[in-house]
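Work through the exercises below with the sequence and the 3D view open. Try each task before reading its solution.

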Amino acid sequence: LDEVATSLVRINYEIDGEAKSGNGVIVQMDQKTYLLTNQHIILGAEKLRFITVSGQRLSPRSVELSSNRDLARLALKEGSGLTLSPLALMNTPIAVFTEDNENKQSVEHGKIIGIGSGKFEISAQFDESSNGAPALNAQKEVVGIAGYSQESARHAMKTGTRFDESTRHFCYRVSNKGWKK
């Protein structure tokens, strides 16, 4: 956690007067510095505040939304960030940063257990408080962004499989294509 704290971002905001929070990560993309997070965290939010886990306040300059994923990238003036990994391979060990009710950061470890074109499934557990958090590989590269968890419904075809009454956790792949201002 200490090694990547300057790149992990806590996003505080309000929706209809209710205080909420989410996560983000600072990355290098297209030779620029961006804050990556989920669209659903920032769209419709008021009083947005972006602060790194190490305490630095950020002021994004512009916003771009992915046209095919629940991802947003906010341009930062300058600085350094984590690199993106072009590969999301089965069984790749990953770590996802989570937070408890007292805003204490922790790390959930797992591996990639399913791969799709725009997202991948991981064995590490997370809940909505981790939305927007990075999934990092062992080289501390961003493999994806925590997106959502899904309860698996009971069905005869799933009985006896890992999908039988389980909660599945998905991350979005990050691409250099499909961003719109």
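## Exercise 1: A charged network

Glu64 and Arg73 are joined by a salt bridge whose closest N and O atoms lie 3.0 Å apart. Here a salt bridge is a side-chain nitrogen of Lys or Arg within 4 Å of a carboxyl oxygen of Asp or Glu. The model is predicted: local features need pLDDT of at least 70 and side-chain atom pairs count only at pLDDT 80 or more, while totals for chains, interfaces and linings use all residues. Residues are numbered from 1 along each chain as its sequence is written, and side-chain values use heavy atoms, with hydrogens and water left out.

Task: state whether Glu64 and Arg73 are buried or exposed, then find which residues the salt bridges join into one network with them.

Solution.

Step 1. Apply the cut-offs: buried means under 20% relative accessible area, exposed over 50%, and partly exposed in between (1.4 Å probe, protein chains only). Glu64 and Arg73 are both buried.

Step 2. Look for a shared partner. Salt bridges with partners in common link Asp30, Glu64 and Arg73 into one network.

Step 3. Check the other link in the network. Arg73 also forms a salt bridge with Asp30, with 3.2 Å between the closest N and O atoms. Arg73 is in strand β7 (residues 72–75) and Asp30 is in the loop between β2 (18–29) and β3 (32–37), so this pair ties together parts 43 residues apart in sequence. Helices (H or I, at least four residues) and strands (E, at least two) are DSSP runs, numbered from the N terminus.

Step 4. Compare the accessibility values. Arg73 has 5% relative accessibility and counts as buried, whereas Asp30, at 31%, is partly exposed.

## Exercise 2: Another salt bridge

Task: say how far apart N and O are in the salt bridge of Glu18 and Lys20, and classify Glu18 and Lys20 by accessibility.

Solution.

Step 1. Recall the general idea: side chains of opposite charge can pair when their charged atoms come close.

Step 2. Read off the distance. From N to O, the salt bridge between the side chains of Glu18 and Lys20 spans 3.8 Å.

Step 3. Classify the partners. Glu18 has a relative accessible area of 48% and is partly exposed; Lys20 is partly exposed too, at 34%.

Step 4. Place the pair in the whole structure, which holds six salt bridges.

## Exercise 3: The largest pocket

Task: find which residues line the largest pocket and which element gives the most to the lining.

Solution.

Step 1. Fix the terms. On a 1 Å grid over the protein atoms alone, a cavity is a set of points where a 1.4 Å probe fits but cannot get out, and a pocket is an open set with protein on both sides within 12 Å along at least five of seven lines; lining residues have an atom within 4 Å of a point. Grid points are joined across faces, edges and corners, and a volume is the space filled by probe spheres set on the points.

Step 2. Note the volume of the largest pocket, about 250 Å³.

Step 3. List the lining: Tyr13, Ile15, Glu18, Ala19, Lys20, Ser21, Gly22, His40, Ile41, Glu128, Ser129 and Asn131.

Step 4. Assign elements. At least two lining residues come from each of β1 (8–15), β2 and α1 (39–42). The most come from β2, which gives five.

Step 5. Sort by class (Ala, Val, Leu, Ile, Met, Phe, Trp, Tyr, Cys and Pro count as nonpolar, Asp, Glu, Lys and Arg as charged, and the others, Gly among them, as polar). The pocket lining has four nonpolar, five polar and three charged residues.

## Exercise 4: The largest cavity

Task: give the volume of the largest cavity and say which element gives the most to its lining.

Solution.

Step 1. Count: there is one cavity of 30 Å³ or more.

Step 2. The volume of the largest cavity is about 40 Å³.

Step 3. Its lining residues include Leu8, Val9, Arg10, Asn23 and Gly24. The elements that supply two or more lining residues are β1 and β2.

Step 4. With three residues, β1 gives the most to this lining.
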